[in-house]
Amino acid sequence: GCRFFNNNNHVIARLNDSEVVGCRFQAQGVSKTATTKLDLRGGANGRNLVHQCFVGGTFSEAGGYYAGSNDEWVNNWNVGGLRHGNPAG
């Protein structure tokens with residue numbers, strides 16, 4: 001349930017078997033625009049669950065969202081609507 005804004009990068013973590021839920025990743029802040037919003041790559045096993053988050057900006061790798069191996073991203077939303085599935089490569 002965290003809110004991330006006004007950072008160069010929001011969250012870059014090598015997670016395994018973890019859950020990211022109810023967070024808000026703003027694309028643009030008052031003073032800074034984040035390049036990376038959420039990056040879960042690099043965990044040995046992945047298998048993270050990302051759900052019920054607001055994913056600001058463009059929901060894709062080019063937009064700063066990266067899934068780890070075997071991750072499941074479901075029930076996330078942004079101005080484009082409800083997002084099911086990992087960010088597009």
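Okay, let's start on the outside: the accessible surface of this protein comes to about 4,900 Å², and 47% of that belongs to carbon and sulfur atoms. Keep in mind that what we're looking at is a predicted model. As for burial, 39% of the 89 residues count as buried.

Now the fold. There are zero helices here and eleven strands, so to speak nothing but β when you read the pattern along the sequence. The radius of gyration is 12 Å, close to the 12 Å the globule rule gives for 89 residues, so the protein is as compact as a globular protein of that length. If you box up the C-alpha atoms along the principal axes, you get roughly 35 × 25 × 25 Å.

What about contacts along the chain? Taking those with a separation of 6 or more, 60% are between residues 24 or more positions apart.

A quick word on charge: we have 8 positive and 6 negative charges, and their mean positions sit 11 Å apart.

Last topic, the cysteines. How many disulfides does a search of the whole structure find? Zero. Just as a reminder, a disulfide is a covalent bond between the sulfur atoms of two cysteines. Take cysteine 2: its closest cysteine sulfur is in cysteine 23, at 5.0 Å, and that's too far for a bond. Cysteine 53 is in no disulfide either, with the sulfur of cysteine 23 again the nearest, 4.6 Å away. Buried or exposed, where does cysteine 53 fall? Cysteine 53 is buried, at a relative accessible area of 0%, while cysteine 2 is partly exposed, at 43%.

Key
Residues numbered from 1 in each chain as written. Predicted model: local features only at pLDDT ≥ 70, side-chain atom pairs only at ≥ 80, totals over all residues. Heavy atoms only, no water. Helix = DSSP H or I, 4+ residues; strand = E, 2+ residues; numbered from the N terminus. Rg over C-alpha atoms; globule rule 2.2 N^0.38 Å. Buried < 20%, exposed > 50% of the residue type's maximum accessible area, 1.4 Å probe, protein only. Contact = heavy atoms within 4.5 Å. Areas by Shrake-Rupley, 256 points an atom, 1.4 Å probe, with all protein chains shown as cover. Lys, Arg positive; Asp, Glu negative; His and termini not counted. Charge placed at Lys NZ, Arg CZ, Asp CG, Glu CD. Disulfide = S-S within 2.5 Å.
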